[in-house]
Amino acid sequence: MKPNRTPIYKLLGTPIHRFFGIVRLWIYTKAFTWALTIYGSIIMREKMSHNNGIAAVGSIRFVDNPGFPLHPFFEPGKTLPCRVRHAAASFMDDAMRVVRSMSIKMADTAKKSPMDIELNTGETALFWSIASFFRFAKYKKTRFGMQYEDYYRKYPTGVEGAHVGMRRDPTSFSNLRYYTQTPFMYKADDNVPRYIKYRTIPAEDVPETGLLDEYDMLIPTENQRILPGETRVRNYLKEEYVETLRTGPIKYKLQVQLHEASDDHDAEIFNCCRKWDEASHPWMDLAEITINKPLDWAESTRMIFTMKNLPKGLGIIPSYSIYDYNSLNFLRRHSDLARNARVWAIKIFGMPPEIPDNDVRNSNSA
Amino acid sequence: MSNLDLMKTRKAQPESEDNLDVLCQDCLEKTDFSNRSKRKFHHPHLKNLNRLEVHKSRTHQGLLTRIGLFCVELYSGWLRFYKKAHYKLFPRRNKIYGNPNPDHVVTGYLTFGSRMADADSPIFNMHLELWARTFWGGYRKLNQGTSDREGKFSLPYDLFYVHRFYIRKVWLAVYQTGYEHFSKNGQHAPEYTEFKRVRINKSDLVGINYSCRQVQLFYWEYRKDTPLPRVVIKDHDKDAPDKYSPGFNEAIEKTFVPIELIKLKHLEMIRLKQGLTYQQIVKDYPENLTVCMEKKQPGSTRGDDWFGQRMMNGMYACDFDRDPKNPDLYWVHHHWGSYEKTYHYYAMPDVDMWFELKEDGLPKPVKITLTGPLTAQEKDEKQKRTFTPADGEKWLAAKRVCRVSAGLNAELSHHFAGTHINSEQYAIACSRNLRLNPIAGLLKSFLRSVVLVNHTADRILVGNGYITSACALTPKGIDQVVYKTMGTLDWKGYRPMQPISEAHTYAKASNLFWDVVYEFVSNYIDDPDNKEQILAHWFEIYCFSEDLVKHSVPFFLCNYLQHALLDGKGNMKIDSDWYKQPHRMDLNDDRPEVDGIKKAVSRITDKSAGDKVSDEDLNHLKQACTYMIYQATFGHTWSNSKQYDDIGEVLYCSLGIRFGDGPDGVMGPESDYSIAPDLTRSTQMMWWSNMLSHTGYGYIIADEDEDVPPALRESLEKHRKAFVDLDLDINIIQSRTNI
């Protein structure tokens, strides 16, 4: 009788492939980080993207009855100082059609904090793994407010992500919805492994502005230029944010979605280009953020948000190759060298210039 | 008596019918082309049919050229060997490697054409495969699939398998369904040939969805520069949608190079003024039927009996209608008056012939009317001259004009338009739309090669080719003939010409062949397995039909017939039974309209879904398929293979006749060589008729490429005796229009 055993080469196959996948992941991450450090951080003194931003300070308070198993860090009623930074991706012009972001640091410092969260507009992303991110970077080819033309040609998912995430002329950073898109680990008190996604929404139920309308959908995705006859200035969103803070605090809600982990789950649950079903994964309130005071350009530019600033049990999900959906967070976590190098370069070579309110439009530099 | 003497003294001799039949049979056997000389080692090479030219074909001769060609052939041989060895070393196994993940797909959509034309027409049911190759040369199939009705495709693949270190490159291959090959038990299997390869950068495959976007295939495109449904061929040898089988090219080279050498010799003699004569031309080419008969019985081919017999059962196979004014007579009319001509050298009168049927059922000419100039000095295109057997020499000359007219009519209307261009319109629609449907297997082998040979004919036969230089028609005039002939052709209601007598063997043979094909087609379509698949892929039939109608030429009926046949409401008059209708378009049928224009070709179906198909639709399909097969095989064979019998002797019949230098113009005797085509045109005509009649390849029974359905061959074999009784050897029926 033929023994019902799995051949040894098949048993060894998965660990061997996983080993080489991790090695490759590590090499790619380090290579990318070093390249970014040398060119972007030291030579250009710029973030990889999201240079066009404004930071502000306030506090975060975790809700009293969250209604889901809690991680000890999210102690009900706990209040922490916090900073947020809003930015526009890639271009130094608020009136362009770009993805907007919100980064939250649960401390009033430039770098150190117990927890940082980075969020973007749009529930789904434009890329989904290190491999796809490298394609995204390769096909950027920015010119005259146009970029990623080849990327959008090859990857319809990127187009969907851009349509979902881009905002044209929002009235304020404060009425947009921001999503982490990628899931994280979530180990609550009950020791049941879960995955978590975060989002922030305005504390009051105000409509989101800047969503792409039918006209914008007809414009090729790679064309992020301002519309003809645009009257808004390059810094209008940052100026609006400062102006609003002068009149009173800006409040957000931090919400979460949870997904219970299992051994046989579909890898697609980690795919940041796919939404979790809201019926089975409802958004639940986690905290309220109150922002009181804007920070100046220099302080805002010096800030570093890193995924190393995550409490134990809320970290990133392990990844095993550059094609793994979770590899994106691996790259973010392991590219701190570039972030730190940028701050050191600023200290040594000086602060990059603030974005002027001039007529140089559709520009990706100050 | 020499051939020269024969021609000079030729008079119509009274002949007995039995004697004529025996003589004809003797000469048919003697002039059988299998006895002809074949290409010898030292003869020039001919790469393919498209290298033929009316003047000097592009053959390879001369020492240096031959040495060069030897090197090229050596290299080609090496390439063939390399490909075979490569295939053996690196077989493309039909196995999917990895575990394709539906979340990681390669997508895109297939359309016809370029950005400027046809780009919005999807190509559906196209076979696609995603391939990878390893560093050591192995092929790895990652997945396969077909495009949907919108031309879209989505091929899942194993992301992690693709990125294994040994995978060197990845590509998407689009396959066209080639000709069906049939096994001994009749099962057909589609042959996929790679049509286009879309390279995919391996590092671009990063999961989820990689889009190839719009993949435009230059695939059986309709030409925009002609109102005829013709296919675009950019480069006959390198970038054509179809290709000849290698055996065909070899057969052409073998049989045709000796003929080409004769023509080259004649052209050189003409250039050097070495005294080439008509008799020399006829003597140098292989003997044809009429020359043979004249040798044995001088004058036998110029008599009235032979004339009537060939008009009925020869290459001409004329349409015999009853004379509306005298039902006892049969009337044949050739109309040239409406087409653009130049009257510098060639006469081209309209021809009316009246026949009476003899007791044996064969027609005998009683009267001929020629309308139009018969001498170079005449200008009146309406002038009519009538001749009867009592006119002696003039009657002989009138019959010669009729033979020339019938020859050109058979060549242009029956042969070129009726079978070549007619088959091409079906070949294009078939190749564009039929892929998974078993009807593709039924039709494709019969419609093979026709677009290629038509492409060559555009250059050497029509346009500025031979016919333009050998008759009064201008290129535009030829186009008009073809266009209007096409406007009278439709599959719907078609049956071959009905016999008008027992001796009408052409009509009887064609009807017998039609019945054999119809039975074969019916059995094929009614086969439960085939029928299920035909209905499952009925959308292909619907698109096939729509393409046909959309690109068909407008319906045409000449002014005379409009008045003679139709009443005020456009229906056929009751007293129009003189007009033999079955092999012509049914004028009572509603013509399909596209953009307000009535089209010649009828719709096969107006249903796009198989579950709504009625018996009427299936009957239409059977009728249409039978029509296509009939025209591409028997229809073409008849008008093509008999050319050498009927236009293989310059003074007996040619495709054009000159006014000549004599006072009677074209009505002069055969001995007045100024009437015959000039020497260049004469040798070219002999070359033509030899080439067209004697391909030596692509027969139904021989089935050289193993793509003829065995059931059809078996059915034909069962009727072999019946065909022999009708003077037709089924071995000569071609399986495609390839020459």
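This is a guided tour of a two-chain predicted model, going from chain A through the contact and into chain B.

**Before you start**

The model is predicted, so local features need pLDDT of at least 70 and side-chain atom pairs count only at pLDDT 80 or more, while totals for chains, interfaces and linings use all residues. Residues are numbered from 1 along each chain as its sequence is written, and chains are lettered from A and ligands numbered from 1 in the order in which they are written.

**Stop 1: chain A**

Select chain A and colour by secondary structure. You will find 9 helices and 10 strands; these are DSSP runs numbered from the N terminus, with helices being H or I of at least four residues and strands E of at least two. The radius of gyration of chain A is 21 Å, close to the 21 Å that the globule rule gives for 366 residues, so chain A is as compact as a globular protein of that length. (That radius is taken over C-alpha atoms, and the rule is 2.2 Å times the number of residues to the power 0.38.) Turn the C-alpha trace of chain A along its principal axes and it spans about 80 × 50 × 45 Å.

Of the 366 residues in chain A, 42% are buried. A residue is buried if 20 or more other C-beta atoms lie within 10 Å of its own, exposed if 12 or fewer, and partly exposed in between, with C-beta atoms placed from the backbone. Two residues are in contact if their C-beta atoms, placed the same way from the backbone, lie within 7 Å. Among contacts in chain A between residues at least 6 apart in sequence, 78% join residues at least 24 apart.

**Stop 2: where A touches B**

Now show both chains. The contact takes 14 residues from chain A and 12 residues from chain B. On the chain A side, select α2 (130-138), α3 (149-154) and α4 (156-165), the elements that give two or more residues. The largest share, 3 residues, comes from α2(A). By type, the chain A side divides into 6 nonpolar, 4 polar and 4 charged residues. Here Ala, Val, Leu, Ile, Met, Phe, Trp, Tyr, Cys and Pro count as nonpolar, Asp, Glu, Lys and Arg as charged, and the others, Gly among them, as polar.

**Stop 3: the three-stranded sheet of chain B**

Move to chain B and pick out the open sheet β4-β1-β9, which has 3 strands and mixed pairing. Two strands pair if DSSP finds at least two bridges between them. At the edges are β4 (152-157) and β9 (209-217), each pairing on one side only. From one strand to the next the twist averages 25°; axes are lines fitted to C-alpha atoms, for helices over the stretch in contact, and angles run from 0 to 180 degrees between N-to-C directions.

Select β1 (residues 101-112): β1(B) pairs with β9(B) in the parallel sense over 7 bridges, and B:Thr111 stands opposite B:Gln216. Towards β4(B), β1(B) runs antiparallel with 6 bridges; look there for B:Gly108 opposite B:Phe153.

**Stop 4: B:Asn143**

Next, click on B:Asn143 in strand β3 (residues 139-146). Is B:Asn143 buried or exposed? B:Asn143 has 20 C-beta neighbours inside 10 Å and therefore counts as buried. Leaving aside neighbours within four places in sequence, its contacts include B:Ile96, B:Leu130 and B:Tyr157. B:Pro100 is 43 residues away along the chain, yet the two C-alpha atoms are separated by 7.2 Å.

**Stop 5: the five-stranded sheet and its helices**

Select β10-β11-β13-β14-β15 of chain B, an open sheet of 5 strands with antiparallel pairing. β10 (321-322) and β15 (384-387) stand at the edges with a single partner strand each, so one side of each is left without a neighbour in the sheet. Between β14 (residues 363-371) and β15(B) there are 4 bridges, and B:Leu370 has B:Arg385 as its bridge partner.

Add helix α8 (residues 304-313), which packs on the sheet against β11 (330-334), β13 (350-357) and β14, its direction making about 80° with that of β14(B). Then add α9(B), which touches β11, β13, β14 and β15 at about 85° to β14(B).

**Stop 6: the core**

Finish with the largest nonpolar core, 267 residues in which B:Leu443, B:Ile467 and B:Met628 have the most contacts. Such a core is a set of buried Ala, Val, Leu, Ile, Met, Phe, Trp, Tyr and Cys residues joined through C-beta atoms within 7 Å. Helix α9 (residues 393-433) of chain B gives the most to this core, with 18 residues. Centre on B:Met628 and, beyond four places in sequence, its contacts include B:Ser423, B:Tyr426 and B:Leu443.
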